Amino acid sequence: MEPAAAIDAIVRELRSEPSIRALFLGGSYGAGLEDAYSDIDFVMVASDDVAALWKKAVGRTGKIVLWWDRQVRPSLINAITWDWLRTDVVILKPDQMAGHAKDSLKVLFDHDGIFATLPESLPPTGPDPKRARYQFEEFIRILGLLPLALGREEYLNGVLGVFLLRNLLVDLMIAETGAPHRGGVLHLNRLITGEQKQVLISLPLPAPERQALIDAHLLYAEAYLPRARRLARLWGVEWPAEFEAATWERLAATLAIRPPGSAD
């Protein structure tokens, strides 16, 4: 079923349910950024447990082959149908809409006029210092595990470590741009700059070989650490300098490698 038809089918199923007070499109559809590959994100306002009603409505769009009711609060349910139509819904109580704004939602039905009470947009959110510090430390920690992978000749694990470093670099680049909402991480082209993309393209995806892994770890460190230090200064986040220094000392002692850019 095509997305527009699926949305119509869900709305027809739920509009007259008294416990469901409003249904909106969120995510890419709510922001007007959807494309042929987008999933359909819904935001529902309901006064009761409506998971069974939601499953019945999604079932109108096709045979459900994946159903994840995450049992969190607010409720989050992910579903995929036989033809790979992907739907997500966040189910909120009427007093839980404070984190939403008009520019990120499209009204499907709204019995209580909730949409009119929302702000036009939300103020930009600043960086999360705690999360930033964790990510800085995690990059250094993974870098410091290189002697373990090489010492055990666990070269496949070493390759996995490089992918973890790469993911942290991507997260850092998204934070660097400070971009407004342009879709989720699967819309990476919207979230990073051309310069950042070229950096990622230039970085190796190493073979499971000793020297290739050493070279890759050093190149990712060279790409990540200066950017991370700059953001730490900009955000007022204390840089884990002692942890970094101890890590480079261990790498020098075990593998005779030094920080990128340091004098030989």
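1. A256 sits in the segment after helix 10. This is a predicted model, and in it A256 has a positive phi of about 55° although it is not a glycine. At 67% relative accessibility A256 counts as exposed, because the cut-off for that class is over 50%.

2. W84 also deserves a look. Its phi is positive, about 65°, and it is not a glycine either. Most residues other than glycine have a negative phi. W84 belongs to the loop between strand 4 (75-81) and strand 5 (86-92). With a relative accessibility of 59%, W84 counts as exposed.

3. The sheet is open and made of six strands, in the order 3-4-5-2-1-6, with mixed pairing. Its edges are strand 3 (64-69) and strand 6 (106-110), each of which pairs on one side only. On average, neighbouring strands of this sheet are turned by 15° against each other, direction ignored.

4. At one edge of the sheet, strand 3 and strand 4 run antiparallel to each other and are joined over five bridges. One residue pair to check on screen is L66 with I80: the latter, in strand 4, is the bridge partner of L66. Helix 3 (residues 51-59) packs on the sheet and touches strand 1, strand 2 (40-46), strand 3, strand 4 and strand 5. The direction of helix 3 makes about 155° with that of strand 3.

5. S19 lies in the loop between helix 1 (3-14) and strand 1 (20-26). Is S19 buried or exposed? It counts as buried, because its relative accessibility is 12% and the limit for burial is under 20%. Leaving out residues up to four places away in sequence, S19 touches V45, A46, S47, D48, V50 and L53.

6. The largest nonpolar core has 38 residues, and those with the most contacts inside it are F136, F139, L146, L169, Y224 and L225. Two or more residues each come from helix 4 (129-144), helix 5 (146-151), helix 6 (155-177), helix 8 (194-202), helix 9 (210-235) and helix 10 (241-255). Helix 9 gives the most to this core, with 12 residues. Apart from this core lies another one, of 25 residues, among them L25, A57, L108 and F109. As background, nonpolar side chains tend to be buried together in soluble globular proteins.

7. Y224 is a useful residue from which to view the largest core, being listed among those with the most contacts inside it. Not counting residues up to four places away in sequence, Y224 touches Q135, F136, F139, L168, L169 and L172.

8. Helix 4 has 16 residues and reaches 23 Å from its first C-alpha to its last, close to the 22 Å expected at 1.5 Å a residue. At its N-terminal end D128 acts as a cap: a side-chain oxygen of D128 lies 3.1 Å from the backbone nitrogen of K130.

9. Which residues of helix 4 are buried? They are A132, Q135, F136, E138, F139, I140, I142, L143 and G144. The cover over the buried residues of helix 4 includes helix 5, helix 6, helix 9 and helix 10. Of the buried residues in helix 4, Q135, F136 and F139 are among those that Y224 touches.

Terms used. Residues are numbered from 1 along each chain as its sequence is written. This is a predicted model: local features need pLDDT of at least 70, side-chain atom pairs count only at pLDDT 80 or more; totals for chains, interfaces and linings use all residues. Side-chain values use heavy atoms; hydrogens and water are left out. Helices (H or I, at least four residues) and strands (E, at least two) are DSSP runs, numbered from the N terminus. Buried means under 20% relative accessible area, exposed over 50%, partly exposed in between (1.4 Å probe, protein chains only). Contact means heavy atoms within 4.5 Å. A nonpolar core is a set of buried Ala, Val, Leu, Ile, Met, Phe, Trp, Tyr and Cys residues joined through side-chain atoms within 4.5 Å. The expected span of a helix is 1.5 Å times one less than its number of residues. A polar contact is a pair of N or O atoms within 3.5 Å; within protein, one must be able to donate a hydrogen and the other to accept it, and residues adjacent in sequence count only if both atoms are side-chain atoms. Two strands pair if DSSP finds at least two bridges between them. Axes are lines fitted to C-alpha atoms, for helices over the stretch in contact, and angles run from 0 to 180 degrees between N-to-C directions.
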